[in-house]
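Biologist: I should like to go through this model with you, beginning with its strands and ending with the surroundings of the ligand. Please show me the sequence and the structure.

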Amino acid sequence: MKRLWQRGMIALARSSAVKDFMQGRDGMRKLAQRFVAGPDVASAFATAERLLDEKGIRTSFYYLGEYVDRLELVQENVDQKLAIAARLADADLDVHISVDPTQIGLQTDAEQVGPRARSIGRAIALASGGKPGLHCLMLDMEDASVVDVTLALHDDLRRLELPAAVTLQAYLRRTEGDLIRLIAAGAKARLVKGAFVGAKHVAFATEPEIKANYRKLVALMLSEEARESGFYPIIATHDDRIQAEALALARENGWPQSTYEFEMLLGVRSDVAEALAQQGERVRLYVPFGRDWWPYAIRRIGENPANGVLLARSLLAR
Ligand code: FAD
């Protein structure tokens, strides 16, 4: 039942006719507000300030837009990320700026991806005003074919001493090796389960296998060796059991609070995020913004069949 519902929502996310129709409806816009900050940088900052002031929760900004395969869209994405960085200098926030390599040209002019990532990284470094570790460029991880290029981008930014972190996916078999290397380098990495499916020889296929690998990787991320190397772990899951296990590991292996963090998506299990923050844990929410909000919002709705009632009500509301 859950899979059927999710597949239906993914089909809706892909249809541009449905997208145009839904983005014009007030009821849908209201429903999306739970998962998306708003259309522009100003609304994203307003959400980040509210989260920090009211809940003590930090932010990762993500400019919405999928399948960026035209140069003018690439430029729009880069401009949005630079606009965030410019505004950060005057804000009292701790922010990650999420970047998909395809958003900055991997499908259009791949040779320019490195220079674009560097210019965003430099703008973020400038906004941090000499406080290392304050803001950073977080590389999101897309499908298995771009893992090498994404890791190389990350390494290049770090070599230039620009503030960078990278996302690793537990569904991939190779991730353990990638993680061991990043731990030894004292890097900053975000662990997710992975939103993609891969061939059997590169990827774990079932939920229990992916979960088991996630747990194994969390144990590496929060090991004593990782702490000693200066590695910074970001545990990005809504699974509260795994979060509890991670907390137990952190305590057991001497990780002080704020030397690791949890990350979740805006609007998903907010009670869990808030409870962690109240315990003094460092929590960050992934805050998407932009005009192209339908495909993202409907996928989040699709992750939980209980959202069906909300969806029906929002459709009826016009
Ligand atoms: P699941 O096992 O899916 O869920 C755990 C619990 O949370 C379950 O009880 C479930 O019902 C509940 N839950 C989950 N989603 C919802 C929802 N929408 N509404 C209500 N309840 C829900 N993937 C990538 O491939 N690349 C990336 O760069 C990437 N970046 C990410 C960044 C962040 C901050 C996060 C949180 C996820 C990211 N993902 C990324 C997605 C990730 O790979 C998973 O697909 C997603 O997080 C679901 O896995 P989970 O571990 O959260 O938990």
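Biologist: In which sense do S6 and S7 pair, and over how many bridges?

Modeller: This is a predicted model, in which local features need pLDDT of at least 70, side-chain atom pairs count only at pLDDT 80 or more, and totals for chains, interfaces and linings use all residues. Residues are numbered from 1 along each chain as its sequence is written. Strands are DSSP runs of E, at least two residues, and helices are runs of H or I, at least four residues, both numbered from the N terminus; two strands pair if DSSP finds at least two bridges between them. In S7, glutamate 263 is the bridge partner of alanine 236, and S6 and S7 pair in the parallel sense over three bridges.

Biologist: Which residue of S6 is the bridge partner of arginine 190?

Modeller: Strand S5 (residues 188–192) also pairs with S6 in the parallel sense, over four bridges. In S6, the partner of arginine 190 is isoleucine 234.

Biologist: How many of the five residues of strand S6 are buried?

Modeller: A residue is buried if 20 or more other C-beta atoms, placed from the backbone, lie within 10 Å of its own. In the protein chain, buried residues make up 42% of the 318 residues. Strand S6 (residues 232–236) is mostly covered, its buried residues numbering four.

Biologist: Which helix gives the most to the largest nonpolar core?

Modeller: A nonpolar core is a set of buried Ala, Val, Leu, Ile, Met, Phe, Trp, Tyr and Cys residues joined through C-beta atoms within 7 Å. The largest one has 86 residues, and Ile97, Leu137, Leu191 and Val287 have the most contacts inside it. With seven residues, the greatest contribution to this core comes from helix H6 (residues 113–127).

Biologist: Why is the protein chain described as being as compact as a globular protein of that length?

Modeller: The protein chain has 14 helices and eight strands. The globule rule, 2.2 Å times the number of residues to the power 0.38, gives 20 Å for 318 residues, and the chain is as compact as a globular protein of that length because its radius of gyration, taken over C-alpha atoms, is close to this, at 19 Å.

Biologist: Which strand gives the largest share of the shell around the ligand?

Modeller: Of the 22 residues around the ligand (C-beta atom, placed from the backbone, within 6 Å of it), Asp140, Val192, Thr237, His238 and Glu303 come nearest. The elements that give two or more residues are strand S4 (164–169) and strand S7 (261–265). The largest share, three residues, comes from S7.

Technical notes:
Buried ≥ 20, exposed ≤ 12 C-beta atoms within 10 Å, placed from the backbone.
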